[in-house]
Amino acid sequence: DLMNSTVLDEEQHRYVQTIKKSSETLLNILNDILDLSKIDAGKLELRKIPVKLKNTMEKLYALFSQQAQVKDINLYYHMDKNLPEKVMMDETRLLQVLANLTSNAIKFTDGGGSINISLKTIVKNAGKATIKVVVSDSGIGISQENVKKLFSSFSQIEDSSTKSFGGTGLGLSISKELCKLMGGDIGVYSALGLGSSFWFTFEAEETDEQIIDDDELMKKDVTINNFFNEIVPKVLLVDDNMVNRQVAGEILKKSGCDVDVAVNGQDAINKAKKGSYDIIFMDIQMPDMDGVTATKKIKELGLKELAPIVAMTAYSMKEDKERFIKSGLDDYISKPIKASELLNKIRSLMNIEKGEKEVEIDVAPVQVSVINQEVVAQLKKYGGEEMVMNVFNDFENEGQEQIDSCILSLEDGNYENILINLHTLKGNAGTLGIEKVSNLTIQIEGRLKEEQKIYEGLAAELEELKFYFEEFKAYYPTFLNK
C-alpha cells in the first residue's frame with residue numbers, strides 16, 4: 001500500500017497491483033485455513049453472491065501470471081461456450097480451490113512448461129449447473145501410490161524431489177472439503193514424468209442478477225435511472241460527516257435515487273417517522289447517539305413496511321458485521337465508500353433487475369500518487385468535477401482539524417479523542433483515495449487499538465501524518481485541475 005501511493009510508471013503499477021492482489025488473496029486463504037475447525041465441525045457456510053465466472057478467471061490469471069512468467073511457464077485458461085455467464089456462488093471459496101491447484105501446478109512445473117485451466121458445464125438442470133474445472137500441467141507428475149496421500153490433512157508426498165518444495169500439506173485437504181460443500185468432488189489423473197490433471201466440480205445456480213464491479217463502473221457511463229431500470233429508490237442517508245454525506249449522496253443521486261440526508265441519530269429518527277424509504281444507510285459512529293441506538297429507536301416506532309437499515313461503517317472485520325446484525329441492523333457495507341458496493345447493495349435489497357442503456361467512455365491509464373486517480377475518476381463520474389473539488393476542500397478543512405485535535409489530545413493524554421479523530425480521518429481519506437494519509441492513519445489507529453494506550457512513538461507518527469497531509473494540501477488543487 002505504501003509503495004502504491006508513490007509515483008509509479010504503468011509497468012511498476014501493474015507489478016505493485018499484482019503484489020497487492022496476491023497478498024489480499026493470501027489473507028483470505030489464511031482465514032480459510034483457520035476455518036478448518038469449522039469444516040470439521042460441519043459449521044462452515046457458503047456466502048453466495050452473483051458472480052461472473054469470466055471475472056473470477058481473470059482474477060486468478062492476474063494472481064498467477066507473473067509467477068508463471070518468472071518460471072517461463074505458459075499459463076492460459078479456456079472457458080466453454082456452454083458455461084452460464086453469471087451464477088450464485090461463494091467466489092472466495094471457488095478462488096481458494098483454483099488458487100491452490102494453480103499454485104501447485106506452477107510449483108511442480110519446470111521452466112518452458114505449460115499450465116492450462118479449462119471450465120465447462122457437464123450437467124444443467126432446472127437452472128442449476130454442475131461445472132467441471134481441470135487444471136493440467138506438464139510438470140513432474142505423481143505416482144499412483146502417492147496419489148492416495150494427496151487429499152489427507154497435513155500429508156505431503158515424501159520423495160527426494162518434493163523435499164525441495166514447501167507447503168503445509170493442508171491445501172488439497174481443504175480444497176476437497178470445499179468442493180464437497182459446493183456440491184462437487186475433486187480428483188487427479190497423473191503419472192510420473194508426464195504431468196498431472198487435477199479436476200474438481202461444483203454446483204452453481206444460474207442468475208440474471210446484475211453485477212456492478214469497479215472495472216465496469218470505470219468503463220461504463222450509465223445515465224440517471226439506468227442503474228435501477230427506471231425505478232427510483234428512496235434512500236435515507238444518515239452520517240454526521242459532511243464528506244461522507246456529499247460523496248455517498250452524489251453517487252446515489254446521479255444513479256437515480258431520491259435521497260434524504262440525516263446528520264445525526266435523532267435527525268434519522270425524525271426523518272424515518274415522516275418519510276417512507278426503500279433503504280436506510282446508517283453510519284455507526286456518530287456523536288450523542290450512535291447508529292445502533294438510532295436503529296433500535298427507529299424499529300421501536302413500529303412503522304409499517306420499515307426499510308432495511310444498512311450499517312455503513314469503517315469497522316470492517318467479519319465479527320463487526322455479525323455484531324451489527326445481532327444489534328438489529330439488517331445489512332452492512334464498509335467504508336471507504338465504493339460506488340459499486342453502494343449500488344449493488346440497493347439492487348440486492350430491492351431485487352432490481354439490470355437496466356439496459358450503457359455507453360462506453362474512454363478511461364485514462366491509472367497512475368497512483370498522493371491521490372488515487374482511479375478513485376477520483378469515479379467520484380468525478382458520479383458527482384461531477386465541482387462536487388469533487390468541493391468535497392476535497394471540505395476534507396482539507398476537516399482533516400486539518402482532526403490532525404490538530406489528535407496532536408492536542410496527545411499532549412492532554414486523551415486516548416479516546418485521538419481514536420475518534422483517526423477513525424473519521426481514515427474513512428474520509430479512504431473514500432477520496434488520499435492514500436498516503438489513509439494508509440498511515442490505518443496503521444496508527446490499529447496500533448493504538450492493539451496497545452490500548454498512548455504508546456511511545458505516537459508523537460513522531462502524528463508528525464509524519466501531518467507531513468503527508470501538508471503534501472496532499474499542496475498537491476490536490478493541481479491534481480484535480482489536470
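Start by selecting Leu26, which sits in helix 1 (residues 10-34); helices here are DSSP runs of H or I with at least four residues, strands are runs of E with at least two, and both are numbered from the N terminus. Before going further, note that this is a predicted model, where local features need pLDDT of at least 70, side-chain atom pairs count only at pLDDT 80 or more, and totals for chains, interfaces and linings use all residues. Residues are numbered from 1 along each chain as its sequence is written, and side-chain values use heavy atoms, with hydrogens and water left out.

**Stop 1: a patch on helix 1**

Keep Leu26 selected and add Leu27 and Leu30. Together these three form a nonpolar patch on the surface, with about 280 Å² of accessible area. Patches are built from residues with over 30% relative accessible area and no salt bridge, joining like charges within 9 Å and nonpolar side chains (Val, Leu, Ile, Met, Phe, Trp, Tyr) within 5 Å. The areas come from the Shrake-Rupley method with a 1.4 Å probe, and for residues only the protein chains shown count as cover. Leu26 itself is partly exposed, at 48% relative accessibility. On this scale, buried means under 20% relative accessible area, exposed means over 50%, and partly exposed is in between (1.4 Å probe, protein chains only).

**Stop 2: the whole chain**

Now zoom out. The chain has 16 helices and 14 strands. Of its 482 residues, 47% are buried. Its accessible surface is about 23900 Å², and carbon and sulfur atoms hold 49% of that. Among the contacts (heavy atoms within 4.5 Å) with a separation of 6 or more, 72% are between residues 24 or more positions apart.

**Stop 3: strands side by side**

Select strand 1 (residues 49-52) and strand 3 (residues 86-89), which pair in the antiparallel sense over four bridges. Strands count as paired if DSSP finds at least two bridges between them. Which residue of strand 3 is the bridge partner of Lys52? Click on Lys86 to see that partner. Then add strand 7 (residues 196-206), which runs antiparallel to strand 3 and is joined to it by two bridges. Here Met88 stands opposite Glu205 of strand 7.

**Stop 4: charged pairs**

Side chains of opposite charge can pair when their charged atoms come close. The whole structure holds 13 salt bridges, each a side-chain nitrogen of Lys or Arg within 4 Å of a carboxyl oxygen of Asp or Glu.

Select Glu58 and Lys54 to find one of them, at 3.6 Å from N to O. The two residues lie four residues apart in helix 3 (residues 53-70), so about one helical turn separates them. Glu58 is partly exposed at 38% relative accessibility, and Lys54 is partly exposed at 47%.

Next, show Glu91 and Lys59, a salt bridge whose closest N and O atoms are 3.0 Å apart. Because Glu91 is in helix 4 (residues 91-107) and Lys59 is in helix 3, this pair ties together parts that are 32 residues apart in sequence. Are these two residues buried or exposed? Glu91 is buried, at 12% relative accessibility, while Lys59 is partly exposed, at 39%.

Then move to Asp260 and Lys234, where the closest N and O atoms of the salt bridge are 3.8 Å apart. Asp260 lies in strand 10 (residues 258-262) and Lys234 in strand 9 (residues 234-238), so the pair links parts 26 residues apart in sequence. Add Asp258 to the selection: salt bridges with shared partners join Lys234, Asp258 and Asp260 into one network.

**Stop 5: a loop residue**

Select Met289, in the loop between strand 11 (279-283) and helix 10 (291-300). Met289 is buried, at 14% relative accessibility. What does Met289 touch, not counting residues up to four places away in sequence? Its contacts are Gly265, Gln266, Ile269, Ala294 and Lys297. The C-alpha atoms of Met289 and Gly265 are 5.3 Å apart, although their positions lie 24 residues apart along the chain.

**Stop 6: helix 14**

Finish at Asn421 in helix 14 (residues 415-432), a buried residue at 13% relative accessible area. Beyond its neighbours within four places in sequence, Asn421 contacts Gln402, Ser405 and Cys406. With Ser405, the side chains make a polar contact of 3.1 Å. Such a contact is a pair of N or O atoms within 3.5 Å; within protein, one must be able to donate a hydrogen and the other to accept it, and residues adjacent in sequence count only if both atoms are side-chain atoms. The Asn421 side chain also reaches the backbone oxygen of Asn417, at 2.9 Å.
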